[in-house]
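Here is a short report for someone meeting this structure for the first time. Please look at the sequence and the model, then read on.

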Amino acid sequence: MGVHEPVVAGSFYPAESDGLSRTVDGFLAKAPKIGGGAPKAVIMPHAGYRFSGATAAAAAAQLSPGPRRVVVIGPSHRHAFHGVAVSDMRAMATPLGQVPLDRATIDALLLDPDVSVIPEAFAREHSIEVELPFLQRCLTDFHLVPLVVGEISDARLAEIIGILWGGAETLIVVSTDLSHFMAAHAAQEIDGQTAAAIELIEPAKIGSDQACGHRPLSAFLTCADRRGLRLTRADLTHSGNISGDLERVVGYGAWLAHAPEDAELSPDHRAAALRLARQAMSSRARNGRPPVISLPSFPHPLQGYGAAFVSLTQQGRLRGCIGSLKAHRPLAEDILDNAVRAGFHDPRFHPVSVEELPDCHIEISLLSRPAPIQFTDEEDLKTQLVPGRDGLILESSGKRGTFLPKVWGSLDAPDKFLNGLKIKAGLQKDHWSGDIKLWRYMSEDFAEDLSAPTSIGAKGGK
């Protein structure tokens, strides 16, 4: 068995080992810290490093060295074929050295009728190769499963990805650029729609005009949807921001995919979210309207779509709590609006006054996507609930209510939690009917530091 030699070294990235190491390390050193545990998967661009290297690094910098198997899935740019192509080589090389292929996994995958060895698919293909130097600098001792995707249905490709999914030992890398050769303003609109489809995990909304790797991307999102992953934006840009040519640009984006329990914002991004919530309340109290914000001024994870609840307390007692159960807009906008609604439109409380603001303590809960719970009866439902982890949405008899996971702190048993939720929804605590539906979710909770002084003169709040 031979070695795949690099085909774009010297054009897409430096051909010499030292120069390539300096280039990749330079990108990684400037990448923002997103937060959270090791991602299960990343979405990365595969253009020349001058244009997309910083975006690729925004995802790669979040990797931990733990994975021992890396599945890189990219589109075929130069050779048309049906199905998924794998290699019969023993390794793929870059100027940084050879990456061994996971022959046992590849050989087993060849039992699938839509997977075959197609040397031509790898001969001039860059979608796998361009990702490897970042993986070589961020991971240690891993074996590679490179998949080049041809004509295949999203459902069939999702099945193949599912076979390879594995556990913490396996990292999935989806290699794709976004829109191609549009004017910058059109590209930003199209890429914004693609970003929303990724973050809302809506694979059906991603077509060939939105990403060259639309098949790998859509199939991966189908897998992510089944597993309840949270997709966090790490970067979104286009080539015109580097070249200055705004007439024909290529879009690039990077995302991290985590299990809900592993996803979280960095301390800096949490602080930015809390500042925004306080700024929104201060502006509303002082001026009668929320502040006008510029979404691009926020970190990329706050520009991405997300669902948040904003809770207010005074001296440990609830003062307002309103939020979104499902993501439907950029997270920064969701936090701003729900902070205002919690402070001034929660029907249980009178609006917060300027004088009260310093005594209001803000907590933000970022929600995972709700997943339906299947159960046979109420007792079966109670056995499925995980105290301290599960938030619940309940619908029955035309009424609806939700409890955030933190409510377990006061209602610490499944029967108390469920009965309390029924009452909140406007039902009797012993209510049960055939139309009852429940969904569960998890939340990432963070709050203002109670020991720090609170200012009501936040920027934009005057």
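The text goes from the whole protein to two helices, and then to two loop residues.

## Ground rules

This is a predicted model, in which local features need pLDDT of at least 70, side-chain atom pairs count only at pLDDT 80 or more, and totals for chains, interfaces and linings use all residues. Residues are numbered from 1 along each chain as its sequence is written, and side-chain values use heavy atoms, with hydrogens and water left out.

## The whole protein

The protein has 14 helices and 20 strands. These are DSSP runs, numbered from the N terminus: helices are H or I with at least four residues, strands are E with at least two.

Along its principal axes, the C-alpha trace spans about 70 × 55 × 35 Å. The radius of gyration is 24 Å, which agrees with the value near 23 Å for a compact globule of 462 residues. That radius is taken over C-alpha atoms, and the globule rule is 2.2 Å times the number of residues to the power 0.38.

Of the 462 residues, 55% count as buried. Buried means under 20% relative accessible area, exposed means over 50%, and partly exposed lies in between (1.4 Å probe, protein chains only).

Contact means heavy atoms within 4.5 Å. Among contacts with a separation of 6 or more, 77% come from residues 24 or more positions apart.

The protein exposes about 19,500 Å², and carbon and sulfur atoms supply 51% of it. Those areas come from the Shrake-Rupley method with a 1.4 Å probe.

## Two covered helices

The table sets α8 and α12 side by side.

| Helix | Residues | End-to-end C-alpha distance | Buried residues |
|---|---|---|---|
| α8 | 214-226 | 18 Å | 10 of 13 |
| α12 | 331-344 | 20 Å | 11 of 14 |

The expected span of a helix is 1.5 Å times one less than its number of residues. The 18 Å of α8 is close to the 18 Å expected. For α12, the expected 20 Å agrees as well.

Because 10 of its 13 residues are buried, α8 is largely enclosed by the rest of the structure. The buried set includes His214, Phe220 and Cys223. After α8 comes glycine 228, whose phi is positive, near 65°. Glycine 166, just after α6, also has a positive phi, of about 60°.

What covers the buried residues of α12? The cover includes α10 (267-287), α11 (300-303), β13 (307-314), β14 (317-323) and β15. Among the residues covered are Leu331, Asp334, Asn338 and Phe344.

## Two loop residues

Valine 352 sits in the loop between α12 and β15 (360-367). Its relative accessible area is 5%, so valine 352 is buried. Beyond residues up to four places away in sequence, valine 352 touches Met281, Ala285, Leu312, Arg319, Gly343, Phe344, Leu357 and Cys360. One of these partners, alanine 285, is 67 residues away in sequence and 7.2 Å away in space, C-alpha to C-alpha.

Proline 6 lies in the loop between β1 (3-4) and α1 (17-30). Is proline 6 buried or partly exposed? At 27% relative accessibility, proline 6 counts as partly exposed. Leaving aside neighbours within four places in sequence, proline 6 is in contact with Tyr13, Ala93, Thr94 and Glu129. Proline 6 and glutamate 129 are 123 residues apart in sequence, but 6.9 Å apart in space, C-alpha to C-alpha.
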